[in-house]
Structure formats: C-alpha cells, structure tokens
Amino acid sequence: MIQDSTYSSVRVNARKTDVFDIFNFKHYIGPNPYLETGALVFNFALTEYREALSLQEYVQAVSTRFPHLHDQEYSSHAELFARTASEVGKLDMDLHFDRWSVKNQVNHHKIAIQSLHARTTRAVVYLVWDWFEAITQDHDVAFDEQLITLQNRFRQSVYGGPTVYALLRTADQKGIPAFYLWEEGLMQYGFGKKQVRGIATTFDCDSHIDSDFTTRKDDCKAFLNTLGFPVPQGDIVTSEREALSVAREIGYPVAIKPVVGHKGIGVTADVQGANELESAYERALKAIPEDQSIRIIVEKSIRGSDYRLLCVNGRFVAAIERRPASVIGDGYSTIEELIREENRKPARRDTPTSPMSKIQCDEAMEIYLDEQGLSLASVIEKGQRVFLRKVANLSAGGVSIDATQAMHPDNIILAQDIAQHFRLTCLGIDVIAENLDRSWKEGNFAILEINAAPGVMMHLNPAVGESVDVTSHILETFFNSGNDARIPIITFNKISIHDLQETIDHILSHHPDWTIGAVCQDGVFINRSRKVLHPEYNTNVQSLLRNPKLDLLIAEYNEEVLERDGMFFYGSNMVVLDNPTDTEMMLARDVLDDSTLVIKKGESIILHRKGLIEEYSLGEDEPFTRVYLKEIGTVLN
C-alpha cells in the first residue's frame with residue numbers, strides 16, 4: 001500500500017526547478033538519537049516550486065534498478081527516498097549497510113541512513129536526490145558513471161581495502177566492536193584489555209621479526225630449505241650478467257623476481273632463454289623501491305599451477321588456484337576488444353568485493369603476446385583461449401578458483417608445519433604444483449614464497465568455486481563471540497564528579513586489581529587519577545577503550561552530547577538513567593541482552609534485570625547512588 005504525504009518547506013539547497021530539498025547534514029560515528037549505528041542524518045522536504053509526482057511513479061522508476069523495492073509499503077516520499085538511499089549506499093558491492101529511519105518533524109522529515117564513510121554516504125544521498133529530480137522531469141541521470149565514482153571514493157577510504165572491509169563486515173556480523181584509529185592508521189577490534197589492533201591481516205600480537213623475515217625472500221627460502229621443505233633451486237643476483245650466469249647453471253626455464261616485492265609486481269615466470277631473461281630482469285629491476293638495493297632472485301621455474309595456501313593461527317583454512325588473465329576468441333574481435341568486453345563484466349567491477357579485477361594492459365602483457373606471435377590487434381579463432389601473461393597476478397586480472405577441498409592431507413600438513421614456525425596470525429604460502437590433490441612428496445611441487453599479510457578476498461569471493469569464510473577464522477582466533485571482545489560498560493545519562501568517583505571506589509573495593517576508565521562532562525579518570533579532558537567528548541571515550549589495560553568503562557552521555565556527537569560505542573551492560581529526556585532514553589535501547597537498566601523518574605525507580613521488571617519508590621532521604629551501586633555488583637559478578 002502506498003500513501004501520499006506532502007510537506008511544504010522553504011528552499012535551502014534546492015534549485016527552483018527541484019521538487020525536493022536536502023539540508024542539515026550530520027554524520028554520527030556510532031549510535032545516535034536516530035539510528036543504533038553510525039549514520040548520516042539529514043532533513044528531507046518538499047519544496048513549493050514544483051509538484052511532486054505520485055509515490056507510485058517514483059516507486060516504478062527506482063524499481064527498474066532495484067526490483068525488490070516495488071512491493072514494499074511507503075508512507076511518504078521521504079520513506080521511499082530513505083529506502084532508496086540505503087540501497088544505493090551498498091554501492092553494488094553488497095556492503096552491509098541496511099539500516100535507516102525516518103522521523104516526521106514540522107515541515108520536513110529527518111532521515112538517517114547507516115554510514116561508515118561520511119564523504120561517500122553524503123555523495124550517495126546527492127546521487128539519489130539527482131535521480132528523484134530526474135524522474136520528476138522525465139530525464140536520465142548518469143547513474144552508472146556516478147556509482148563508479150562512489151565505489152572508487154569508498155575504495156580510497158580507510159575502510160575500502162578489500163581485506164579491511166571484509167574483516168570489518170565480519171566483525172559487525174559477529175557483534176565484535178571495531179573502529180579505526182586515525183592517528184595510528186590501525187583498526188581496533190574489541191575494547192580495553194580484550195582488544196586486538198592491526199592492519200588488514202597483520203595484528204599487534206604478531207611477531208614483527210617474523211613478519212619482516214617473510215619479506216626477505218632469499219633468507220626465508222634458505223630457512224625453508226633447511227627444514228626440508230621443497231623450494232626451487234636458485235640464487236640472488238645484483239646484475240644482469242649474474243642473472244644470465246645463474247640461469248645457465250640451473251638451466252632454463254627460470255623465474256625472475258625482486259627480493260622485495262608484493263602482488264606479483266616485477267615477477268616473470270617460465271623465462272626460456274637469454275633474450276627473455278633480459279626483459280624479465282628489467283621488469284624486476286623497475287619493481288624494486290628506490291630505497292632498496294638491487295637484489296633479484298633467479299630460480300628454477302617449476303611447471304604447474306599457481307596456488308595460495310592460507311593458514312590462520314597455525315591451521316590450514318583455504319586454498320586458491322590463481323590463473324593468469326585470458327580471453328576467448330570469437331573469430332572477429334581483436335584481443336584488445338575482447339579485453340575491453342571482458343572488463344565490462346559485473347564480476348570485474350574492480351571493487352573491494354568483486355571476485356576479479358579488470359585486466360591490465362601493460363608492457364609485460366604485450367611482451368608475452370609477442371612471444372606467442374600475437375598482439376593486441378590480433379584476431380583469434382572462435383573458442384581459442386589466449387593467456388595474456390605468464391604470472392597469475394589477480395590484481396592484473398587473474399582468475400581465482402577455490403581449491404580448498406582438493407588439498408591432499410600431506411599438503412595440509414606441509415602448510416601447517418610451515419605456519420608453526422612463525423608467530424603470525426595469518427600466513428599465505430604460495431606454491432606451484434600440478435595439482436593439490438597429489439602429495440608434495442611425489443615431486444613437481446615447490447614453495448615459491450610466504451606472505452605475512454595475505455589478502456582474503458580471493459577466498460571469500462573466488463571467481464570460481466565456493467566461498468571460504470576466512471575472516472571468521474581470523475577473528476575467532478581472538479574472540480569466540482562478540483561478548484569476548486567486550487569489557488563491562490556502565491552508561492549514565494548524568495553523573496557528577498563526586499558520584500563518579502564514588503562509583504569507581506565502590507567497584508575497586510570489590511576488584512582492587514582492576515583498571516577502570518571513567519568519563520563525564522567534567523572529567524576523565526583512570527581509577528582515581530584524573531587525566532586531561534579532550535574537548536571532543538567521544539575522543540575521550542575512544543582513548544579509554546583504546547587502553548589495553550582497561551577492565552571496565554563508565555561513561556556519561558547526556559542529551560546534549562547525544563544530539564551533537566552520538567555515542568562512540570554500542571552496547572552497555574548497565575544503563576542508569578536519572579529523570580531522562582526522550583533523547584536520553586535511547587540509552588535504554590542500546591543495552592545488551594541480559595543487562596541491567598535502572599530508571600529514576602521523580603522518586604520512582606524502575607529496574608529491568610534479566611527480563612524481570614521491578615518498580616518501587618526511593619525511601620526518604622535515600623540517595624539514588626545506593627540503588628545503582630547495589631545493582632553494579634550483579635553486572636560485574
């Protein structure tokens with residue numbers, strides 16, 4: 001059922017040709033009066049300049065792109081706008097943003113949509129606004145082009161890296177608190193003493209010595225060889241002459257790659273002779289950072305397929321086959337045209353969640369095509385597959401194929417034996433083999449290198465095969481559930497310095513070894529020690545939750561802070577409300593399951609504890625502190 005609802009408003013941002021107006025944007029990083037998550041909040045109104053189409057006409061139009069929106073009910077243009085903005089906010093990348101709200105206010109609606117990156121979400125709202133105005137005027141809007149711009153904007157944000165976002169989404173699904181530490185350039189998962197911090201798949205509990213060791217491919221290779229693991233024969237060179245000498249000694253074909261490198265940059269496999277080696281050496285040379293010395297690996301090239309084995313916490317969890325980018329001829333298109341057509345496929349959107357990147361045309365590709373007697377202008381027969389490069393580089397358009405179930409038990413043991421030698425949460429092991437279902441002991445199997453910061457998207461969203469939920473394996477290394485990532489939190493809507501210190505003393509009397517962080521409008525404390533109060537309130541909260549010694553947090557959130565800043569965290573073990581305003585009642589919404597809620601209204605006390613409700617009146621001269629201090633014990637025990 002669709003109903004029409006009309007609001008008139010003076011124009012703020014709207015042009016005189018616009019039907020709708022959008023204004024008063026505010027971004028909250030966490031729960032706020034309008035939504036229980038981080039959100040972009042703004043006003044939505046109808047102008048007086050033009051008459052809007054019926055709701056049904058807008059629904060029909062947006063349903064051409066989002067068919068599932070057609071059969072839902074909308075009470076106003078604002079509700080349809082919010083629902084559409086929420087859908088567009090997923091950026092065709094299946095982002096986990098699906099929460100929104102609409103509140104009717106005088107002459108406008110207050111819309112909130114879930115948001116992580118303010119700049120991207122605001123641009124989403126403007127795109128939807130342009131779309132609605134175009135629908136009104138029966139015009140087209142460059143939706144796809146603008147969506148690509150938004151995808152790139154999100155990808156360039158601190159949350160847009162494929163591995164970072166995948167971990168963030170999994171943390172959200174598991175109820176594990178996660179936030180970005182801007183000054184440190186790190187993600188933090190969990191609060192206080194339960195926390196772990198890291199960049200992508202490297203964490204503060206990892207050995208930095210082991211992590212650095214994996215980047216020294218020559219030393220790492222020698223170490224693996226010492227342990228008896230299969231590694232290709234080769235050596236380190238510093239000049240092209242040395243490279244030619246080593247290649248002659250071990251015999252062609254050889255592989256050439258820089259000692260320091262990543263993502264297959266500068267790597268050339270299956271070098272067949274001196275002429276190819278010259279080009280391969282030059283590519284490896286270009287891939288070496290300017291601050292690094294020239295050190296290039298020349299090693300025996302092993303025939304077979306390229307695989308990545310992933311171990312988490314010393315256990316094998318996933319395997320992926322990586323094949324070089326290729327095209328299949330149609331009998332009339334050039335290779336360049338086939339690449340262009342292949343790059344248009346939805347699977348190659350090249351977003352943080354897409355299974356494949358776009359195929360990159362570069363010198364390495366042109367050289368490899370030339371070796372096959374081809375060029376970008378060549379037309380190949382219908383059904384003929386042409387591989388575009390020797391190296392299965394996924395970032396250059398390679399194809400990922402899940403091979404987890406194909407692993408021979410000996411190969412699983414090999415991967416885990418390697419991982420056991422490193423104090424690293426995640427370890428990627430690159431191997432070459434004819435097939436993973438054959439034991440490495442049968443030969444033609446070699447470990448190419450190991451990686452201390454392996455990406456996860458190839459396992460989560462392979463181009464071919466089943467997804468492996470590796471991010472759950474990673475986070476479950478630290479937290480069995482969302483509760484394991486949390487320390488107790490007690491939240492007040494108002495508390496004085498005196499009562500705050502009394503509360504701290506009360507808890508310390510029962511838990512003298514605890515470190516308690518506490519913040520109110522007038523001060524911030526670690527136990528009884530007063531600290532510097534930052535002018536941005538939520539910065540104080542974050543700093544306390546960042547403290548790796550913290551056992552418990554006490555925080556005050558009054559109406560002013562909630563409206564201005566929102567909350568930094570979601571979920572309290574106990575909420576204490578002293579004559580709360582309507583806005584402050586949102587704190588009751590954010591209590592965790594089986595938590596305690598104490599509400600004082602006048603002299604009446606309402607107590608919610610583990611599904612039970614108790615109501616009584618304060619005794620004469622009975623302080624409110626006595627009520628909640630008594631209940632604190634039930635929360636902490």
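# Exercises on a predicted model

In this predicted model, helix H8 is followed by Gly251, a residue whose phi is positive, near 90°. The exercises below start from this helix and then turn to other parts of the structure.

## Exercise 1: The two sides of H8

Task: Find which residues of H8 are buried, and state where they lie around the axis of the helix.

Solution. The first step is to list the buried residues of H8, which are Ala243, Val246, Ala247 and Ile250. These residues cover an arc of only 100° around the axis, and they therefore lie on the same side of H8. The spacing fits a general rule: an α-helix has 3.6 residues a turn, so residues three or four places apart point the same way. The next step is to look at the face turned away from the buried side, where the exposed residues Arg241, Arg248 and Glu249 are carried. The last step is to ask what the buried residues pack against, and here the partners are strand S9 (234-237), strand S10, helix H9 (274-287) and strand S12 (296-300).

## Exercise 2: The bond beyond H8

Task: Describe the peptide bond that joins Tyr252 and Pro253, and say where Pro253 is found.

Solution. The value to look at is omega, which is about 0° for the bond between Tyr252 and Pro253, and this peptide bond is cis. As for its place, Pro253 belongs to the loop that runs between helix H8 (240-250) and strand S10 (254-258).

## Exercise 3: A second helix with a buried face

Task: Work out how the buried residues of helix H10 are arranged around its axis.

Solution. In H10, which spans residues 335-343, the buried residues are Ile335, Leu338, Ile339, Glu342 and Asn343. Viewed down the axis of H10, these residues fall within an arc of 135°, so they line one face of the helix. Their cover includes strand S15 (326-328) and helix H11 (363-371).

## Exercise 4: Positive phi outside glycine

Task: For Asp138 and Asn444, give the phi value, the place in the chain and the degree of exposure.

Solution. Asp138 is not a glycine, yet its phi is positive, near 55°. This residue sits in the loop between H3 and helix H4 (143-155). The relative accessibility of Asp138 is 70%, and because exposed means over 50%, Asp138 counts as exposed. Asn444, likewise not a glycine, has a positive phi of about 50°, and its place is the loop between strand S18 (426-433) and strand S19 (445-451). With a relative accessible area of 33%, Asn444 is partly exposed.

## Exercise 5: The largest nonpolar core

Task: Name the residues with the most contacts inside the largest nonpolar core, and the helix that gives the core its largest share.

Solution. The core has 70 residues, and those with the most contacts inside it are Phe20, Phe81 and Tyr189. Its largest share, 9 residues, comes from helix H3 (residues 118-136). Phe20 can then be followed in detail: leaving aside neighbours within four places in sequence, its contacts include Phe44, Leu46, Tyr58, Trp129 and Phe132. As a general background, nonpolar side chains in soluble globular proteins tend to be buried together.

## Exercise 6: Cavities and a pocket

Task: Find how many cavities of 30 Å³ or more the structure holds, and describe the linings of the largest cavity, the second largest cavity and the second largest pocket.

Solution. There are 3 cavities of 30 Å³ or more, and the largest holds about 90 Å³ of space. It is lined by 13 residues, of which Gly89, Phe97, Gln114, Thr121 and Val124 are the closest to its centre. By class, this lining has 7 nonpolar, 6 polar and no charged residues, and its largest share, 3 residues, comes from H3.

The second largest cavity has a volume of about 60 Å³, and among the residues that line it are Thr214, Lys217, Cys220 and Ile447. Helix H7 (217-226) and S19 are the elements that give two or more residues to this lining, which divides into 6 nonpolar, 1 polar and 3 charged residues.

Turning to the second largest pocket, about 1300 Å³ of space lies in it. Of its 44 lining residues, the closest to the centre are Ile29, Gly30, Ala178, Phe179 and Phe568. Helix H16 gives the largest share of this lining, 5 residues, and the classes are 22 nonpolar, 13 polar and 9 charged.

How values were computed. Residues are numbered from 1 along each chain as its sequence is written. This is a predicted model: local features need pLDDT of at least 70, side-chain atom pairs count only at pLDDT 80 or more; totals for chains, interfaces and linings use all residues. Side-chain values use heavy atoms; hydrogens and water are left out. A nonpolar core is a set of buried Ala, Val, Leu, Ile, Met, Phe, Trp, Tyr and Cys residues joined through side-chain atoms within 4.5 Å. Buried means under 20% relative accessible area, exposed over 50%, partly exposed in between (1.4 Å probe, protein chains only). Helices (H or I, at least four residues) and strands (E, at least two) are DSSP runs, numbered from the N terminus. Contact means heavy atoms within 4.5 Å. On a 1 Å grid over the protein atoms alone, a cavity is a set of points where a 1.4 Å probe fits but cannot get out, and a pocket is an open set with protein on both sides within 12 Å along at least five of seven lines; lining residues have an atom within 4 Å of a point. Grid points are joined across faces, edges and corners, and a volume is the space filled by probe spheres set on the points. Ala, Val, Leu, Ile, Met, Phe, Trp, Tyr, Cys and Pro count as nonpolar, Asp, Glu, Lys and Arg as charged, and the others, Gly among them, as polar. The arc is that of the directions from the helix axis to the C-beta atoms.
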